[in-house]
Amino acid sequence: MTLDEMKAYLDAHGAEPCYTIGGLGGGEIDGIEYIDGAWYTYFSERGSKNSYRQWPTEEEAVAFIVESAESCARHYGLWKDTA
């Protein structure tokens with residue numbers, strides 16, 4: 001799955017508040033960004049990005065965020081099943 005596909009998938013299921021792309025989230029959430037030719041995930045909290053992790057491919061970084069955001073959305077009752 002690509003970053004664009006991830007965004008469409010997660011947004012369709014109501015998980016927008018549970019991840020961020022390149023920025024700081026509205027709470028303690030995971031984020032993803034592409035820096036200098038490499039994919040990274042991080043944890044956004046208290047106005048900073050922490051726990052950076054580099055991934056070999058876009059697909060692997062995206063898979064991590066999808067799992068995290070879906071878990072967050074389900075936990076907070078935001079997840080919407082789509083047909």
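Helices here are DSSP runs of H or I, at least four residues in length, and are numbered from the N terminus. The views below come from a predicted model.

**A pair one turn apart in helix H2.** Welcome to the first close-up, in which Arg 74 and Glu 70 form a salt bridge. Their closest N and O atoms are 2.9 Å apart. Both residues belong to helix H2, and the four residues separating them amount to about one turn of the helix. Arg 74 has a relative accessibility of 47%, so this residue counts as partly exposed; the window for that label runs between the 20% limit for buried and the 50% limit for exposed.

**A pair in helix H1, made by Asp 11 and Lys 7.** Here the two side chains meet in a salt bridge with an N to O distance of 2.6 Å. Like the previous pair, this one sits within a helix: Asp 11 and Lys 7 are both in H1, four residues apart, or about one turn. Asp 11 has a relative accessible area of 23% and is therefore partly exposed. Lys 7, at 40%, also counts as partly exposed.

**A salt bridge from strand to strand, between Lys 49 and Glu 33.** The N to O distance in this pair is 3.1 Å. Distant parts of the chain are linked here, with Lys 49 in strand E4 and Glu 33 in strand E2, 16 residues apart. How buried or exposed is each partner? Lys 49 is partly exposed because its relative accessible area is 27%, whereas Glu 33 counts as buried because its value is 12%. The two side chains also make a polar contact, at 3.1 Å. Around Glu 33, leaving out residues within four places in sequence, the contacts are Gly 22, Ala 38, Trp 39, Tyr 40, Tyr 42, Lys 49 and Tyr 52. With this pair the tour of salt bridges is complete: the model has three in total.

**Asp 30, a buried acid without a salt bridge.** This residue lies in strand E2, where it stands opposite Phe 43 of E3. Which side chain of opposite charge is nearest to Asp 30? That is Arg 53, at 9.2 Å, and a salt bridge would call for a nitrogen within 4 Å of a carboxyl oxygen. What the side chain of Asp 30 does have is a polar contact of 2.5 Å with the side chain of Ser 68. Beyond four places in sequence, Asp 30 touches Cys 18, Tyr 19, Thr 20, Tyr 42, Phe 43, Phe 64, Ile 65 and Ser 68.

**The hairpin of E2 and E3, with Asp 36 in its turn.** Strand E2 covers residues 29-35 and strand E3 covers residues 38-45; they pair in the antiparallel sense over seven bridges. Two residues come between the strands of this hairpin. Asp 36 is found in the loop that joins them, and its phi is near 50 degrees, a positive value in a residue other than glycine. That is worth a second look because most residues other than glycine have a negative phi. Asp 36 has a relative accessible area of 81% and is therefore exposed.

**The hairpin of E3 and E4, with Arg 46 in its turn.** E3 also pairs with strand E4, residues 48-55, in the antiparallel sense, over six bridges. Among the paired residues are Glu 45 and Ser 48, which are bridge partners. Again two residues separate the strands. Arg 46 lies in the loop between E3 and E4 and has a positive phi of about 50 degrees although it is not a glycine. With a relative accessible area of 79%, Arg 46 is exposed.

**The largest nonpolar core, a set of 17 residues.** Nonpolar side chains tend to be buried together in soluble globular proteins. Which residues have the most contacts inside this core? They are Met 6, Leu 10 and Ile 32. Helix H1 (3-12) and helix H2 (58-75) each supply at least two core residues, and H2 gives the largest share, seven residues. A good place to start looking is Met 6, which touches Met 1, Tyr 19, Ile 21, Ile 32, Val 62, Ile 65 and Val 66 when residues up to four places away in sequence are not counted.

Note on methods:
Residues are numbered from 1 along each chain as its sequence is written. This is a predicted model: local features need pLDDT of at least 70, side-chain atom pairs count only at pLDDT 80 or more; totals for chains, interfaces and linings use all residues. Side-chain values use heavy atoms; hydrogens and water are left out. Two strands pair if DSSP finds at least two bridges between them. A nonpolar core is a set of buried Ala, Val, Leu, Ile, Met, Phe, Trp, Tyr and Cys residues joined through side-chain atoms within 4.5 Å. Buried means under 20% relative accessible area, exposed over 50%, partly exposed in between (1.4 Å probe, protein chains only). Contact means heavy atoms within 4.5 Å. Lys and Arg count as positive and Asp and Glu as negative; His and the chain ends are not counted. A polar contact is a pair of N or O atoms within 3.5 Å; within protein, one must be able to donate a hydrogen and the other to accept it, and residues adjacent in sequence count only if both atoms are side-chain atoms.
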